[in-house]
Amino acid sequence: MPWYSAYFNNVTYINQKVPTLYTAATTGEFNTNPIVYGEVNPFIVNYGDLVQIVVNNIDAAAHPFHLHGHHFQVLDRPRSGTGNWPHRDVNYASTPVKRDTVTVMANSFAVLRFRADNPGTWLFHCHIEWHVEMGLTATIIEAPECLEGLTFPADHIAACQKAGIPYQGNAAGNTQNPLDTTGFITVPPTDYTGLVLLCLLSLSLSQTGTNQSRSPQSQLCCPSQRPPPASCSKVNVVNWMIRTWTTR
Ligand SMILES: [Cu+2]
């Protein structure tokens with residue numbers, strides 16, 4: 001069976017040796033550099049930013065996109081065949097619907113927004129699980145300055161040790177030089193095993209637990225000593241393009 005891949009902006013998600021949240025926690029100030037995370041489609045978002053995600057779906061099929069860590073506003077989601085986003089914000093509702101999943105129609109687009117007030121490493125992915133295995137996933141590294149030095153429950157570390165998964169350093173587990181990409185996984189697996197999916201699920205479950213344990217007040221607190229960038233009113237526009245999969 002051939003392997004098919006799917007892409008955001010020509011990049012397909014490839015699972016790395018070190019889970020992304022652990023890399024964010026253990027690479028110091030390098031954690032604002034997307035290089036340290038490997039080919040997980042990392043997007044760095046500053047604390048407090050209003051993030052706008054535009055998904056241009058140039059595929060002939062609809063894809064239900066799901067974001068971890070937030071309920072985003074759906075500002076626009078026109079019907080199939082509309083084409084790409086016209087690069088202008090028009091006629092958005094003053095009280096947009098909020099969802100954690102939105103189906104982006106075929107050959108069309110969606111405009112989504114959320115406030116970056118929940119530090120973490122959050123996956124944005126198609127919810128057709130086979131498409132997750134094909135790499136139709138991106139990773140939002142939200143407020144990395146708040147993730148530096150993050151500590152983990154002992155049973156999380158024990159689970160990594162039991163499974164032989166490194167939990168420190170960059171994507172390949174390099175703790176001396178986080179910018180050294182030696183050992184990064186750059187080639188997708190050659191079979192559909194479900195293992196990638198299992199790993200993603202375990203990561204998202206642990207993050208959900210962290211999210212739920214926070215009080216409303218602490219959601220606005222950054223545990224880091226590093227001051228957050230002064231960009232709280234900025235709108236980051238991220239244009240993510242979905243490409244039809246191709247055989248490798
Ligand atoms: Cu899909």
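This section describes the fold, the nonpolar core and selected local features of a predicted model.

The chain contains four helices and eleven strands. Of its 248 residues, 37% are buried. Among the contacts in the chain with a separation of 6 or more, 85% join residues that are 24 or more positions apart.

The largest nonpolar core comprises 47 residues, and those with the most contacts inside it are V55, A110, F124, A138 and I140. Strand β8, which spans residues 108-115, supplies the largest share of this core, namely five residues. When residues up to four places away in sequence are left out, V55 touches F65, V104, F109, A110, W240 and I242.

Strand β10, formed by residues 137-142, is mostly covered, with six of its six residues buried. In a regular strand, side chains alternate between the two faces of the sheet. In β10, T137, T139 and I141 point one way, whereas A138, I140 and E142 point the other way, and all are buried. Two of the residues with the most contacts inside the largest nonpolar core, A138 and I140, thus belong to the set that includes E142.

Strand β10 pairs with two strands described here. With β9, which covers residues 120-126, the pairing is antiparallel and extends over six bridges; H125 has T137 of β10 as its bridge partner. With β2, the pairing is parallel and extends over four bridges, and P42 stands opposite T139 of β10.

The surroundings of T139 also include Y37, a residue in the loop between α1 (20-26) and β2 (42-45). Although placed in a loop, Y37 counts as buried because it has 26 C-beta neighbours inside 10 Å, where 20 or more are required for that class. Beyond residues up to four places away in sequence, Y37 touches T20, T23, P42, T139, I141 and A171. The contact list of Y37 therefore includes both P42 and T139, the two residues that stand opposite each other in the pairing of β2 with β10. In sequence Y37 and T139 are 102 residues apart, while their C-alpha atoms are 9.5 Å apart in space.

Helix α3 presents another setting. This helix consists of ten residues, 154-163, and lies largely in the open because the number of its residues that are buried is zero. Just after α3, G164 takes a positive phi of about 75°. Strand β10, by comparison, has six of six residues buried.

Note on methods. Residues numbered from 1 in each chain as written. Predicted model: local features only at pLDDT ≥ 70, side-chain atom pairs only at ≥ 80, totals over all residues. Core = buried A, V, L, I, M, F, W, Y, C linked by C-beta atoms within 7 Å. Buried ≥ 20, exposed ≤ 12 C-beta atoms within 10 Å, placed from the backbone. Contact = placed C-beta atoms within 7 Å. Pairing = 2+ DSSP bridges.
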